[in-house]
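Here are a few short exercises to work through with the model open beside you. Try each task before reading its solution.

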Amino acid sequence: MEPLLELRDIHYAYHSRSGETPALSNISFTVHDGEFIAIVGPSGCGKSTLLSLIFGLLPPESGTILLRGREMKDSHTEIGYMLQKDHLFEWRTIYQNVMLGLEIQKKITPETKERVEKMLYTYGLSRFRDCRPSELSGGMRQRAALIRTLALDPELLLLDEPFSALDYQTRIAVCDDISSIIKEEHRTAILVTHDLSEAISTADRVFILTSRPATLKTIIPIHMEAVDRTPLKSRNAPEFKDYFNKIWKEMNTNA
Ligand code: ADP
Ligand code: MG
(Lines give C-alpha, C1' and ligand atoms only; values in the text may rest on other atoms or scores of the structure.)
(Ligands and ions follow the chains in the order given, each with its own letter.)
Protein backbone atom coordinates (compact mmCIF):
# COMPACT_ATOMS: atom_id res chain seq x y z
CA MET A 1 0.00 0.00 0.00
CA GLU A 2 1.11 3.54 -0.71
CA PRO A 3 2.61 5.16 2.37
CA LEU A 4 0.72 8.07 3.92
CA LEU A 5 3.96 10.00 4.23
CA GLU A 6 7.30 9.64 2.55
CA LEU A 7 10.43 11.74 3.01
CA ARG A 8 13.24 11.34 0.52
CA ASP A 9 16.64 12.71 1.30
CA ILE A 10 15.50 15.87 3.06
CA HIS A 11 17.97 18.65 3.80
CA TYR A 12 17.23 21.91 5.57
CA ALA A 13 19.30 24.81 6.89
CA TYR A 14 18.32 28.11 8.53
CA HIS A 15 19.95 31.11 6.94
CA SER A 16 20.60 34.34 8.75
CA ARG A 17 23.00 37.26 8.45
CA SER A 18 25.42 35.54 10.78
CA GLY A 19 25.52 32.44 8.61
CA GLU A 20 23.96 29.10 8.00
CA THR A 21 22.60 26.66 10.60
CA PRO A 22 22.19 23.22 9.06
CA ALA A 23 19.26 21.58 10.84
CA LEU A 24 18.33 18.45 8.87
CA SER A 25 20.53 16.27 6.71
CA ASN A 26 19.73 13.34 4.50
CA ILE A 27 16.46 12.34 6.17
CA SER A 28 14.42 9.61 4.52
CA PHE A 29 11.58 7.52 5.95
CA THR A 30 8.04 6.38 5.29
CA VAL A 31 5.01 6.29 7.56
CA HIS A 32 2.02 4.04 6.91
CA ASP A 33 -1.63 4.47 7.86
CA GLY A 34 -2.39 3.75 11.49
CA GLU A 35 1.21 3.92 12.65
CA PHE A 36 2.28 5.77 15.78
CA ILE A 37 5.80 7.10 15.31
CA ALA A 38 7.87 8.69 18.06
CA ILE A 39 10.85 10.84 17.17
CA VAL A 40 13.53 11.29 19.80
CA GLY A 41 16.78 13.20 19.68
CA PRO A 42 18.86 15.65 21.67
CA SER A 43 17.48 19.10 22.40
CA GLY A 44 18.06 21.49 19.49
CA CYS A 45 18.79 18.73 16.98
CA GLY A 46 16.03 19.65 14.54
CA LYS A 47 12.91 17.75 15.67
CA SER A 48 10.54 20.73 15.52
CA THR A 49 12.09 21.78 12.22
CA LEU A 50 11.28 18.35 10.82
CA LEU A 51 7.61 18.66 11.84
CA SER A 52 7.45 22.17 10.33
CA LEU A 53 8.62 20.73 7.02
CA ILE A 54 6.09 17.89 7.12
CA PHE A 55 3.33 20.39 7.93
CA GLY A 56 4.45 22.55 5.03
CA LEU A 57 5.46 25.59 7.09
CA LEU A 58 9.03 25.38 5.76
CA PRO A 59 10.07 24.17 2.32
CA PRO A 60 12.87 21.58 2.18
CA GLU A 61 16.11 22.86 0.74
CA SER A 62 16.46 19.66 -1.20
CA GLY A 63 14.65 16.36 -1.20
CA THR A 64 11.01 15.44 -1.55
CA ILE A 65 8.08 15.09 0.83
CA LEU A 66 5.18 13.03 -0.48
CA LEU A 67 1.74 12.68 1.04
CA ARG A 68 0.00 9.64 -0.42
CA GLY A 69 2.45 9.78 -3.28
CA ARG A 70 1.75 13.44 -4.09
CA GLU A 71 3.98 16.42 -3.57
CA MET A 72 2.75 18.76 -0.89
CA LYS A 73 1.49 21.45 -3.28
CA ASP A 74 -0.76 18.90 -5.03
CA SER A 75 -1.83 17.13 -1.88
CA HIS A 76 -5.23 17.21 -0.22
CA THR A 77 -4.10 15.30 2.84
CA GLU A 78 -5.27 17.10 5.97
CA ILE A 79 -2.59 17.37 8.64
CA GLY A 80 -3.23 18.27 12.28
CA TYR A 81 -0.58 19.95 14.43
CA MET A 82 -0.49 19.98 18.21
CA LEU A 83 2.07 21.86 20.21
CA GLN A 84 3.33 21.98 23.77
CA LYS A 85 1.07 24.91 24.57
CA ASP A 86 -2.58 24.07 24.03
CA HIS A 87 -3.37 27.48 22.45
CA LEU A 88 -6.90 27.53 23.81
CA PHE A 89 -8.39 31.03 23.92
CA GLU A 90 -9.62 32.19 27.32
CA TRP A 91 -12.26 34.45 25.80
CA ARG A 92 -13.90 31.47 24.14
CA THR A 93 -15.74 28.63 25.84
CA ILE A 94 -14.44 25.07 25.45
CA TYR A 95 -17.07 24.43 22.79
CA GLN A 96 -16.13 27.60 20.90
CA ASN A 97 -12.49 26.60 21.19
CA VAL A 98 -12.92 23.09 19.80
CA MET A 99 -14.99 24.52 16.92
CA LEU A 100 -12.36 27.12 16.06
CA GLY A 101 -10.49 25.16 13.37
CA LEU A 102 -13.73 24.26 11.62
CA GLU A 103 -14.86 27.87 11.84
CA ILE A 104 -11.64 29.21 10.31
CA GLN A 105 -11.71 26.64 7.53
CA LYS A 106 -15.45 27.26 6.99
CA LYS A 107 -16.22 23.62 7.57
CA ILE A 108 -19.04 23.86 10.08
CA THR A 109 -21.70 21.45 8.86
CA PRO A 110 -24.23 19.25 10.69
CA GLU A 111 -21.79 16.35 10.21
CA THR A 112 -18.71 18.10 11.59
CA LYS A 113 -20.77 19.49 14.49
CA GLU A 114 -21.98 16.02 15.30
CA ARG A 115 -18.46 14.64 15.19
CA VAL A 116 -17.30 17.26 17.69
CA GLU A 117 -20.30 16.63 19.96
CA LYS A 118 -19.55 12.93 19.92
CA MET A 119 -15.90 13.43 20.81
CA LEU A 120 -16.75 15.88 23.60
CA TYR A 121 -19.10 13.26 25.00
CA THR A 122 -16.83 10.24 24.52
CA TYR A 123 -13.83 11.98 26.01
CA GLY A 124 -15.63 13.44 29.01
CA LEU A 125 -15.78 17.12 28.11
CA SER A 126 -19.53 17.56 27.45
CA ARG A 127 -20.07 18.89 30.95
CA PHE A 128 -17.40 21.53 30.42
CA ARG A 129 -18.52 22.79 27.04
CA ASP A 130 -19.54 26.21 28.40
CA CYS A 131 -16.51 26.58 30.69
CA ARG A 132 -13.49 28.76 30.00
CA PRO A 133 -10.13 27.02 29.50
CA SER A 134 -8.83 28.28 32.89
CA GLU A 135 -11.54 26.25 34.63
CA LEU A 136 -10.11 23.00 33.28
CA SER A 137 -7.13 20.94 34.43
CA GLY A 138 -4.01 20.78 32.26
CA GLY A 139 -4.95 17.29 31.09
CA MET A 140 -8.48 18.31 30.12
CA ARG A 141 -7.18 21.32 28.25
CA GLN A 142 -4.85 19.08 26.27
CA ARG A 143 -7.79 16.80 25.49
CA ALA A 144 -9.80 19.82 24.28
CA ALA A 145 -6.86 20.85 22.09
CA LEU A 146 -6.75 17.35 20.63
CA ILE A 147 -10.50 17.36 19.90
CA ARG A 148 -10.09 20.72 18.16
CA THR A 149 -7.36 19.16 16.01
CA LEU A 150 -9.34 15.97 15.33
CA ALA A 151 -12.43 18.01 14.41
CA LEU A 152 -10.75 18.76 11.08
CA ASP A 153 -10.49 15.03 10.48
CA PRO A 154 -6.74 15.01 9.83
CA GLU A 155 -5.21 11.91 8.31
CA LEU A 156 -1.90 12.67 9.97
CA LEU A 157 -1.31 14.16 13.40
CA LEU A 158 1.91 15.93 14.29
CA LEU A 159 2.53 16.28 18.01
CA ASP A 160 5.43 18.45 19.16
CA GLU A 161 6.20 17.63 22.80
CA PRO A 162 2.54 18.07 23.70
CA PHE A 163 2.97 16.87 27.28
CA SER A 164 6.18 18.56 28.31
CA ALA A 165 4.50 21.49 30.05
CA LEU A 166 2.70 19.14 32.45
CA ASP A 167 4.05 17.85 35.75
CA TYR A 168 5.35 14.27 35.78
CA GLN A 169 2.28 12.55 37.23
CA THR A 170 -0.21 14.39 35.03
CA ARG A 171 2.02 13.89 32.06
CA ILE A 172 1.92 10.09 32.25
CA ALA A 173 -1.87 10.11 32.62
CA VAL A 174 -2.41 12.63 29.80
CA CYS A 175 -0.01 10.80 27.50
CA ASP A 176 -1.97 7.59 28.11
CA ASP A 177 -5.23 9.41 27.57
CA ILE A 178 -4.24 11.25 24.39
CA SER A 179 -2.57 8.31 22.71
CA SER A 180 -5.56 6.08 23.50
CA ILE A 181 -7.83 8.63 21.83
CA ILE A 182 -5.54 8.73 18.80
CA LYS A 183 -5.66 4.93 18.55
CA GLU A 184 -9.43 4.78 19.05
CA GLU A 185 -9.90 7.34 16.28
CA HIS A 186 -7.58 5.24 14.06
CA ARG A 187 -5.23 8.12 13.37
CA THR A 188 -1.65 8.14 12.20
CA ALA A 189 0.60 10.16 14.46
CA ILE A 190 4.14 11.45 14.69
CA LEU A 191 5.08 12.40 18.24
CA VAL A 192 8.21 14.41 18.93
CA THR A 193 9.51 13.99 22.45
CA HIS A 194 12.75 14.07 24.38
CA ASP A 195 11.29 11.58 26.87
CA LEU A 196 12.38 8.03 25.99
CA SER A 197 9.75 6.42 28.20
CA GLU A 198 7.04 8.39 26.45
CA ALA A 199 8.39 7.28 23.07
CA ILE A 200 8.64 3.59 23.96
CA SER A 201 5.28 3.44 25.68
CA THR A 202 3.32 5.02 22.82
CA ALA A 203 5.06 4.18 19.57
CA ASP A 204 5.05 1.37 17.03
CA ARG A 205 8.44 2.62 15.86
CA VAL A 206 10.92 4.98 17.47
CA PHE A 207 13.07 7.15 15.18
CA ILE A 208 16.32 8.24 16.75
CA LEU A 209 17.89 11.44 15.44
CA THR A 210 21.52 12.49 15.88
CA SER A 211 22.50 15.90 17.20
CA ARG A 212 22.31 18.84 14.80
CA PRO A 213 22.17 18.68 11.86
CA ALA A 214 19.75 15.84 12.55
CA THR A 215 20.18 12.67 10.57
CA LEU A 216 18.06 9.59 11.09
CA LYS A 217 20.37 7.33 13.05
CA THR A 218 18.24 4.28 13.77
CA ILE A 219 14.64 3.10 13.65
CA ILE A 220 13.63 0.82 16.51
CA PRO A 221 10.38 -1.14 16.07
CA ILE A 222 8.58 -1.66 19.37
CA HIS A 223 6.79 -4.96 20.03
CA MET A 224 5.01 -5.59 23.28
CA GLU A 225 3.38 -8.90 24.06
CA ALA A 226 0.44 -7.32 25.91
CA VAL A 227 -2.74 -7.76 23.88
CA ASP A 228 -4.46 -4.49 24.70
CA ARG A 229 -1.45 -2.28 24.80
CA THR A 230 -1.79 1.14 26.38
CA PRO A 231 1.11 3.44 27.28
CA LEU A 232 0.58 2.74 30.98
CA LYS A 233 0.66 -1.01 30.46
CA SER A 234 3.66 -0.69 28.18
CA ARG A 235 5.60 1.08 30.92
CA ASN A 236 5.16 -2.00 33.09
CA ALA A 237 5.77 -4.54 30.33
CA PRO A 238 8.84 -6.78 30.69
CA GLU A 239 10.18 -5.57 27.31
CA PHE A 240 10.15 -1.93 28.36
CA LYS A 241 13.49 -1.85 30.14
CA ASP A 242 15.33 -3.56 27.28
CA TYR A 243 14.00 -1.03 24.80
CA PHE A 244 14.91 1.79 27.14
CA ASN A 245 18.49 0.56 27.45
CA LYS A 246 18.79 -0.06 23.74
CA ILE A 247 17.55 3.40 22.76
CA TRP A 248 19.54 5.08 25.52
CA LYS A 249 22.68 3.44 24.18
CA GLU A 250 21.87 4.44 20.59
CA MET A 251 21.39 8.05 21.65
CA ASN A 252 24.64 8.16 23.57
CA THR A 253 27.03 6.61 21.09
CA ASN A 254 28.42 8.48 18.12
CA ALA A 255 28.57 5.65 15.67
P1 ADP B 1 14.46 20.68 18.49
O2 ADP B 1 13.00 20.78 18.24
O3 ADP B 1 15.02 19.33 18.19
O4 ADP B 1 14.84 21.10 19.88
P5 ADP B 1 14.63 22.76 16.46
O6 ADP B 1 14.13 22.08 15.25
O7 ADP B 1 13.71 23.69 17.14
O8 ADP B 1 15.22 21.68 17.48
O9 ADP B 1 15.95 23.58 16.08
C10 ADP B 1 17.06 22.98 15.45
C11 ADP B 1 18.19 23.99 15.34
O12 ADP B 1 17.84 25.04 14.47
C13 ADP B 1 18.52 24.64 16.68
O14 ADP B 1 19.91 24.72 16.80
C15 ADP B 1 17.91 26.00 16.60
O16 ADP B 1 18.67 26.94 17.33
C17 ADP B 1 17.94 26.30 15.12
N18 ADP B 1 16.77 27.11 14.73
C19 ADP B 1 15.49 26.82 14.97
N20 ADP B 1 14.68 27.76 14.46
C21 ADP B 1 15.49 28.69 13.88
C22 ADP B 1 15.27 29.91 13.17
N23 ADP B 1 14.04 30.37 12.94
N24 ADP B 1 16.36 30.58 12.72
C25 ADP B 1 17.61 30.12 12.93
N26 ADP B 1 17.89 28.97 13.59
C27 ADP B 1 16.85 28.27 14.06
MG1 MG C 1 11.43 21.39 19.49
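**Exercise 1.** In this predicted model, find how far a polar side-chain atom of Ser 48 lies from an oxygen atom of ligand 1.

*Solution.* Start at the side chain of Ser 48: one of its polar atoms is 2.8 Å from a ligand 1 oxygen. Next, take Thr 49, where a polar side-chain atom is 2.5 Å from an oxygen of ligand 1. Then turn to the backbone: a polar backbone atom of Gly 46 sits 3.0 Å from a ligand oxygen. The cut-off for a polar contact is 3.5 Å between N or O atoms. Finally, look at the surface: ligand 1 alone exposes 560 Å², and the protein buries 58% of that.

**Exercise 2.** Work out which helix gives the largest share of the shell around ligand 1.

*Solution.* First list the shell, which includes Tyr 14, Ser 43, Lys 47 and Arg 212. Now match the shell to the helices: H1, spanning residues 47-55, supplies three residues, the largest share. As a last step, sort the shell by character: two residues are nonpolar, five polar and two charged.

**Exercise 3.** Decide whether Cys 45 is buried or exposed, and look for its disulfide status.

*Solution.* Begin with the count: the structure has zero disulfides. Cys 45 is accordingly unpaired, and its nearest cysteine sulfur, in Cys 175, is 19 Å away; a disulfide needs two sulfurs within 2.5 Å. For accessibility, buried means under 20%. Cys 45 has 1% relative accessibility, so it counts as buried. Cys 131, at 16%, is therefore buried as well.

Methods: Residues are numbered from 1 along each chain as its sequence is written. Chains are lettered from A and ligands numbered from 1 in the order in which they are written. This is a predicted model: local features need pLDDT of at least 70, side-chain atom pairs count only at pLDDT 80 or more; totals for chains, interfaces and linings use all residues. Side-chain values use heavy atoms; hydrogens and water are left out. A residue is near a molecule or strand if one of its heavy atoms lies within 4 Å of it. A polar contact is a pair of N or O atoms within 3.5 Å; within protein, one must be able to donate a hydrogen and the other to accept it, and residues adjacent in sequence count only if both atoms are side-chain atoms. Accessible areas come from the Shrake-Rupley method with a 1.4 Å probe; for residues, only the protein chains shown count as cover. Helices (H or I, at least four residues) and strands (E, at least two) are DSSP runs, numbered from the N terminus. Ala, Val, Leu, Ile, Met, Phe, Trp, Tyr, Cys and Pro count as nonpolar, Asp, Glu, Lys and Arg as charged, and the others, Gly among them, as polar. Buried means under 20% relative accessible area, exposed over 50%, partly exposed in between (1.4 Å probe, protein chains only).
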